Amino acid sequence: MAVQSWQKSSFSGDTANCIYLAAAPDSSVKLRESDDPDIVITTSPDGLRAFLCGVKAGEFDHLTT
């Protein structure tokens, strides 16, 4: 995969459950999880921003109960 470099979330620490992000040459954002790095989700910077705002606003809290 022609992704520049994967960056691990600073909240992951040394645990095995890590989220990685990478900026791709086509301006998309790639996300993967350390448990299954072959599965990569692709989104736009605006899409990722909207998702993170939704998480911070609690829009997905009902999915954790």
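1. In this predicted model, strand 3 and strand 4 run antiparallel and are joined by four bridges. Within that pairing, Arg32 stands opposite Val40 of strand 4, and the connection from strand 3 to strand 4 is a hairpin that passes through six residues.

2. On the side of strand 2, which covers residues 19–23, strand 3 (residues 29–33) is held in an antiparallel pairing that counts five bridges. Two of the partners can be named: Leu21 is bridged to Leu31 of strand 3, and Ala22 has Lys30 of strand 3 as its bridge partner. Strand 2 and strand 3 also form a hairpin, with five residues between them, and Ser27 in the turn takes a positive phi of about 75 degrees.

3. Taken as a whole, the sheet is open and has four strands in the order 1-2-3-4, with antiparallel pairing. Its edges are strand 1 (7–8) and strand 4 (40–43), each of which pairs on one side only. As general background for reading the strands, side chains in a regular strand alternate between the two faces of the sheet.

4. The geometry of helix 1 is consistent with its length: for the 12 residues at 45–56, a rise of 1.5 Å a residue leads to an expected span of 16 Å, and the end C-alpha atoms are indeed 16 Å apart, so the two values agree. Helix 1 is followed by Gly58, whose phi is positive and near 85 degrees.

5. A nonpolar patch of about 460 Å² lies on the surface and is made by Phe51, Leu52, Val55, Phe60 and Leu63. Of these residues, Phe60 is placed in the segment after helix 1. Phe60 counts as partly exposed because its relative accessibility of 31% falls between the limits of 20% and 50%.

6. Where do the cysteines Cys18 and Cys53 stand in terms of exposure? Cys18 has a relative accessible area of 3% and is therefore buried, this being under the limit of 20%. Cys53, in contrast, is partly exposed, with a relative accessible area of 47%. The structure holds zero disulfides; for reference, a disulfide is a covalent bond between the sulfur atoms of two cysteines.

Conventions: Residues are numbered from 1 along each chain as its sequence is written. This is a predicted model: local features need pLDDT of at least 70, side-chain atom pairs count only at pLDDT 80 or more; totals for chains, interfaces and linings use all residues. Side-chain values use heavy atoms; hydrogens and water are left out. Two strands pair if DSSP finds at least two bridges between them. A disulfide is a pair of cysteine sulfur atoms within 2.5 Å. Buried means under 20% relative accessible area, exposed over 50%, partly exposed in between (1.4 Å probe, protein chains only). The expected span of a helix is 1.5 Å times one less than its number of residues. Patches are made of residues with over 30% relative accessible area and no salt bridge: like charges are joined within 9 Å, nonpolar side chains (Val, Leu, Ile, Met, Phe, Trp, Tyr) within 5 Å. Accessible areas come from the Shrake-Rupley method with a 1.4 Å probe; for residues, only the protein chains shown count as cover. A salt bridge is a side-chain nitrogen of Lys or Arg within 4 Å of a carboxyl oxygen of Asp or Glu.
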